[in-house]
Structures are given as structure tokens and as C-alpha cells.
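Grab your viewer and work through these exercises at your own pace. Each one sets a task and then walks through a solution.

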Amino acid sequence: MPSTQIHVRKKYSVDEEQAIIEAVHSTLSTVFALPQYDRNIRLVVHEPDHFACPLHLTQPASFTWIEIDCFVGRSIETKRKLYQQLIHHLAQLGIPKDHVSILIRESQLENWGIRGGKAASDVDLGFDVKI
């Protein structure tokens, strides 16, 4: 149940926005072995002058920042796989591979209140975070 934000510097069409969201969601679902119905993802469009990016980029309008807040437990191998697959799927949508940055922030399960106000550590999540 990651909470994910995708930050972009340009306005895409509705179809392009949905494709970006779906690329990130499907990659997270596959790599983190999550149920498909588990969705908590937002695409945030920033004005370019309010969202600085690295100066070396050839297409600065395409800079994309992905923040993933999730439970502690995934291995470095799983994270590497996630990074590579996110880059691959976004490149298929025209976002250059070197224009994507990804940040994972991990929290202990007891720090997430879910399913009617229960600590995530007290419920059956329906998936394993130790992958």
C-alpha cells in the first residue's frame, strides 16, 4: 500500500497523465507484489518556475520526480528492480531515462493508520513486504 506522488513540470493530456499514473502503479504492483486494487497514487503538475530540476537535462519540461512512501521491508534487489522498471516504462511514454528521479521513504508498519484507524502492524495486509 505505498503512497505515491508523481511530480511533473508540464501539463500532459488526460490520456498521457493516465498512462503515467498507470505505468507507475502497474510497476509498483508487479515489483512489490501488491494487489491491483491497492491504489494510492497522485500526479501533481507544477509550474516549471516552481519546480527546479538539474541544469544538464536536455528536456527539462520532462523532468519527473517520483516519491514512494511505503512500509519497511523490501530488499535492495527489489528496489533496484523497481527503479529499472519505472525508468523503462516511463521511457516508453517519452520521458528520457535520465530525467526521472525516484525517492523511497520507508516507515514502520505501526506508523501507518489504515482500514478504519488500525495500525498496519495489527492487520493482515494481504501481501508480504519482505520481498
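**Exercise 1: strands and their partners**

Task: find the residue in β3 that S3 stands opposite, then work outwards to the whole sheet.

Solution. Keep in mind that this is a predicted model.
- Step 1: start at S3, which has D69 of β3 standing opposite.
- Step 2: widen the view to the two strands, β1 (residues 3–8) and β3 (residues 64–71), which pair in the antiparallel sense over 6 bridges.
- Step 3: place that pair in the open sheet of 4 strands, where the order reads β2-β1-β3-β4 and the pairing is mixed.
- Step 4: pick out the edges, β2 (41–45) and β4 (100–107), each of which pairs on one side only.
- Step 5: check the turn between neighbouring strands, which is 15° on average, direction ignored.

**Exercise 2: helices on the sheet**

Task: work out which strands α1 touches and which strands α2 touches.

Solution.
- Step 1: follow α1, which packs on the sheet against β1, β2 and β3, its direction making about 140° with that of β2.
- Step 2: do likewise for α2, which packs on the sheet, touching β3 and β4, with about 145° between its direction and that of β4.

**Exercise 3: helix against helix**

Task: decide how α1 and α2 are oriented to each other.

Solution.
- Step 1: take the angle between α1 (residues 14–31) and α2 (residues 76–91), about 155°, and note that the axes lie 9 Å apart.
- Step 2: angles over 145 degrees count as roughly antiparallel, so α1 and α2 are roughly antiparallel to each other.
- Step 3: add the handedness: the crossing of α1 and α2 is right-handed.
- Step 4: list who makes the contact, including I20, A23 and V24 from α1 and L82, L86 and L90 from α2.
- Step 5: sort the α1–α2 contact by class, giving 8 nonpolar, 4 polar and 1 charged residues.

**Exercise 4: a charged pair**

Task: which parts does the salt bridge of R39 and E22 tie together?

Solution.
- Step 1: count the salt bridges in the structure: 5.
- Step 2: zoom in on R39 and E22, whose side chains meet at 2.6 Å, N to O.
- Step 3: R39 sits in the loop between α1 and β2 while E22 belongs to helix α1, so the pair ties together parts 17 residues apart in sequence.

Terms used:
Residues numbered from 1 in each chain as written. Predicted model: local features only at pLDDT ≥ 70, side-chain atom pairs only at ≥ 80, totals over all residues. Heavy atoms only, no water. Axes fitted to C-alpha atoms, helices over the stretch in contact; angles between N-to-C directions. Parallel < 35°, antiparallel > 145°, perpendicular 65-115°, else oblique. Left-handed = near helix turned anticlockwise from the far one by under 90°. Contact = heavy atoms within 4.5 Å. Nonpolar A, V, L, I, M, F, W, Y, C, P; charged D, E, K, R; others polar. Pairing = 2+ DSSP bridges. Salt bridge = Lys/Arg side-chain N within 4 Å of Asp/Glu carboxyl O.
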